[in-house]
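Biologist: Could you walk me through this protein model, one piece at a time?

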Amino acid sequence: MAEYNHREIEPKWQAYWTAKETFKANKDTSKPKFYALDMFPYPSGAGLHVGHPLGYIASDIVSRFKRNQGFNVLHPMGFDAFGLPAEQYAIQTGQHPAITTKENIARYKEQLKNIGFAFDWDKEVQTCDPSYYKWTQWIFMQIFNSWYNHDTSKAEHIDTLIERFSTSGNAGINAACDDDIREFSADKWNNWTEQEQQYMLLKYRLTYLSETAVNWCPELGTVLSNDEVKDGFSERGGFPVVRKNMKQWSMRITAYAERLLQGLETIDWSEPLKEMQRNWIGKSIGAELRFQVENSDIEIEVFTTRIDTIFGVTFLSLAPESDLTKALTTPEQKEAVEQYVEQASNRSERDRMTDVKSISGVFTGSYATNPFNGEKVPIWVADYVLAGYGTGAVMAVPCGDQRDYDFAKHFDLPIVPVIKGADISEKADATKDGVMINSGFLDGLSCKDAISKAIEFAEEKGVGKGKINYRIRDAIFARQRYWGEPVPVYFKDDTPYLVNEKDLPVILPEIDKYLPTEDGDPPLGRAENFTYSPKGDDKSYPLELSTMPGWAGSSWYWYRYMDAHNEDALIDKEVQEYWENVDLYIGGSEHATGHLLYSRFWNKILFDLGFVNQEEPFKKLINQGMIQGRSNFVYRVKGENKFVSFGLRKEYETTAIHVDVSLCRNDVLDTEGFKKWRPDLADAEFILEDGKYICGWEVEKMSKSKYNVVNPDEIIERYGADTLRLYEMFLGPLEQFKPWNTNGIDGVNKFLRKLWRLFHDEQGNLNLSDAEPSKDELKSLHKAIKKAQEDIERYSFNTSVSTFMICVNELSALKCNNESILKDLIVIISPYAPHITEELWSLLGHEESIINADYPTFDPAYLVEDSIEYPVMVNGKMRAKIQLGADLGKDEIEAAALANENVQKWLEGKTPKKVIVVPKKIVNLVV
């Protein structure tokens with residue numbers, strides 16, 4: 001009998017799809033569109049492991065299903081190709097990152113194509129390709145040439161701001177801008193030099209240069225964003241990170257804080273992920289107050305959401321990196337403060353925010369005056385205060401805030417209760433419902449009324465005002481590295497200017513090595529003649545030496561897929577209006593406060609400026625779970641090169657050692673392969689159980705160090721890509737974490753072989769019938785059609801695989817070889833297992849791909865039962881089963897039950913006291 005041979009059939013159909021451009025998508029207004037997208041991968045040297053394709057398989061199933069439903073489907077793939085690993089490898093080996101990246105991409109594409117994805121490779125993008133990053137640079141230029149107008153709630157071209165400056169100065173301009181801007185007149189603006197005007201415009205532009213406290217990683221030689229730092233170390237490489245001030249490019253994402261929040265209500269994302277973004281944006285409604293420093297002209301501004309507790313302030317806290325820290329430190333405290341600031345600079349903001357156990361601080365020696373009661377308040381420095389949030393200063397109310405409470409206890413500072421009945425004997429009481437005490441003119445008011453009264457008082461006295469604040473900071477937009485997009489900016493008299501659009505892209509130059517210069521400049525400082533000469537100017541000016549951050553190229557790539565070969569525009573207007581935005585986006589939740597936030601930010605700018613017609617990039621987002629590794633262990637007898645099987649390990653003193661999972665099958669160790677694995681194991685001895693060495697196992701993250709990484713190439717070679725695809729879906733719900741365990745993969749492979757045999761006789765010949773299908777065959781098929789469609793539409797792929805198995809088992813039991821039944825069956829299975837279904841589809845005589853077939857229509861009539869089997873209960877025990885017509889009424893069912901011989905025997909001639917008939921379910925008799 002001819003069996004299904006995946007090694008022949010799968011390459012055959014992969015070649016067919018490539019030759020026929022089966023998955024190529026272009027604008028087609030005669031069809032509804034569907035845009036499915038996966039978060040494109042960074043092409044690492046290790047290639048894919050079996051966990052990586054999980055989300056890709058899910059999106060591929062949906063894409064193929066939508067094609068069968070008649071949609072015009074765009075399902076592209078590309079590579080987020082700029083990144084630190086390739087550059088680190090370049091530093092170590094001298095090999096250009098472009099070479100490493102090209103090799104890695106080739107490996108990834110080979111693996112992806114072997115899994116049979118319906119990607120439109122014609123639209124592939126690589127962020128390191130100059131033809132791509134030309135448009136990343138172009139977007140940067142549009143952002144640089146924009147300002148945010150709060151009156152219109154949108155970005156506008158900088159020319160509209162310049163026009164207002166030249167006619168009326170900056171009076172009445174409600175813009176997102178720097179905090180230190182003073183009012184100026186039109187005359188003053190018009191009399192400024194070009195350099196002075198450009199300096200002022202930088203304070204309004206949506207991307208700007210400024211002195212900023214950043215996360216500096218000396219080992220990586222670059223600035224890292226907050227989401228790239230974990231517990232004071234770089235997420236990539238685990239190197240120490242320190243806080244320092246540097247001149248950096250930033251993007252004014254804070255201007256979009258409210259719109260980013262409101263936009264979450266319009267998109268179909270999971271609530272946990274939305275909450276992560278809400279928390280990161282961190283909206284707070286409160287008040288800004290000014291505390292006058294004693295014997296000084298300096299005022300300390302603080303933001304508080306609890307102005308009602310103003311009478312409970314017993315100290316002020318400054319961020320270590322605040323400019324005020326140095327200004328307010330007295331000579332007596334100078335050494336202590338400087339030591340503390342140095343210590344705090346070695347901790348990341350994330351670490352300082354999350355570490356609630358460590359209490360540290362230092363007194364500046366200065367005092368301020370409480371603007372409400374005139375009391376003297378000491379000014380401290382504390383690393384739990386962040387310079388970038390609010391004003392970088394906190395009015396500390398120990399009775400109501402736990403960190404302030406712990407700080408006050410630690411340094412023996414007063415704690416004044418301001419809420420009646422609050423118990424602050426052991427911890428702070430942050431209640432917002434209560435009556436004010438010890439609060440002067442606020443006494444007796446509720447907290448809510450006290451907030452309103454306090455804001456009113458602050459505004460009347462001129463010491464504060466009501467304000468909305470956001471935790472989110474402007475995004476650092478620079479890396480002091482080589483392997484990234486050059487910034488299209490040159491400097492004339494230390495003032496940044498954009499290069500001409502016609503001169504894009506600014507190409508990443510060749511350099512001799514990928515390290516900072518001896519003078520401390522970024523690696524681009526090594527490039528020869530990395531300068532720019534504007535048209536009409538004989539001089540050459542230095543170009544920006546930093547490169548763009550890793551998130552730049554991924555913040556707009558979904559638009560480039562729509563029109564990947566357009567050399568004249570970011571995207572053709574009609575093409576964008578057809579595809580609009582992404583209908584289904586699948587990727588990891590770890591990108592919640594990085595890529596996903598920056599993408600929404602850039603999309604809103606492009607929308608404001610009229611380049612796209614959608615304000616949000618991704619309509620629906622699914623975060624796939626992680627496929628975890630299933631590690632295997634061997635047990636070494638201490639002091640010997642002897643290994644004892646799992647079930648016998650407790651009889652010896654042993655040490656568990658990770659073993660390569662490729663040496664284990666169903667937890668049975670290949671002992672000969674184990675001996676060849678490492679030289680020190682060549683003479684290993686084994687204590688077996690039942691003639692086998694059984695390994696232990698544990699579910700852990702897939703990692704090379706745990707030897708539990710499973711290469712999909714190995715699975716495909718042994719079982720085929722269709723088996724891999726079905727099995728990854730079968731493991732469990734898409735969003736959940738689940739362990740990889742090949743112990744169940746044989747069952748999936750057997751299912752495919754059973755499907756193959758439905759089409760063939762025992763001699764391996766195609767054997768199909770054109771007879772009318774039976775009711776049982778139609779019932780089995782339509783149950784599967786209904787379930788498969790419902791499952792895909794709710795992204796519940798694992799239960800569909802079970803449904804297919806049940807259907808094939810039922811049809812096998814019915815010895816079904818009916819062509820009309822099997823034709824529809826393979827169409828509904830094809831999104832999951834495209835290779836075998838393409839082969840079977842062609843055997844049925846079809847010349848076009850099965851992806852162009854119509855998805856079968858579910859007919860509920862085939863699931864209607866002609867008859868029902870009723871259990872008949874007598875005094876709670878089943879005494880008979882009777883088969884009755886499905887359309888019988890209650891009286892007819894009761895009569896049939898009472899007439900049954902077995903039932904009559906148990907009634908013993910008695911008339912039932914009670915008869916309960918549940919139609920289509922049960923008959924219950926009580927005697």
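Here is a short conversation about some of its parts.

Modeller: This is a predicted model, where local features need pLDDT of at least 70, side-chain atom pairs count only at pLDDT 80 or more, and totals for chains, interfaces and linings use all residues. Residues are numbered from 1 along each chain as its sequence is written, and side-chain values use heavy atoms, with hydrogens and water left out.

Biologist: Thanks! Is Thr309 buried or exposed?

Modeller: Thr309 sits in the loop between β11 (299–304) and β12 (315–318); strands are DSSP runs of E with at least two residues, helices are runs of H or I with at least four, and both are numbered from the N terminus. Buried means under 20% relative accessible area, exposed over 50%, and partly exposed in between, using a 1.4 Å probe and protein chains only. The relative accessibility of Thr309 is 7%, so this residue counts as buried.

Biologist: Which residues of helix α21 are buried?

Modeller: Helix α21 covers residues 721–730, and 9 of its 10 residues are buried, so the helix is largely enclosed by the rest of the structure. They are Ala721, Asp722, Thr723, Leu724, Arg725, Leu726, Tyr727, Glu728 and Met729.

Biologist: At what angle do α20 and α21 pack?

Modeller: Each axis is a line fitted to C-alpha atoms over the stretch in contact, and angles run from 0 to 180 degrees between N-to-C directions. Contact means heavy atoms within 4.5 Å. The axes of α20 (residues 712–719) and α21 are 7 Å apart, and the helices pack at an angle of about 115°.

Biologist: Now the rings: how are Phe34 and Phe71 arranged, stacked or edge-to-face?

Modeller: Rings of Phe, Tyr and Trp (its six-membered ring) pair if their centres lie within 6.5 Å; planes under 30 degrees apart count as stacked, over 60 as edge-to-face and the rest as tilted. Across the whole structure, a search finds 67 aromatic pairs. For Phe34 and Phe71, the centres are 6.4 Å apart and the planes lie at 80°, so the pair is edge-to-face.

Biologist: And what is the arrangement of Phe140 and Phe144?

Modeller: These two are 4 residues apart in helix α5 (residues 130–144), separated by about one helical turn, and both are buried. Their ring centres are 6.4 Å apart with planes at 20°, so the pair is stacked.

Biologist: Last one: in what order do β32, β33, β34 and β35 lie in their sheet?

Modeller: Two strands pair if DSSP finds at least two bridges between them. Strand β32 (residues 867–874) is joined to β33 by 8 bridges, and the two run antiparallel. The 4 strands form an open sheet with mixed pairing, in the order β33-β32-β35-β34.
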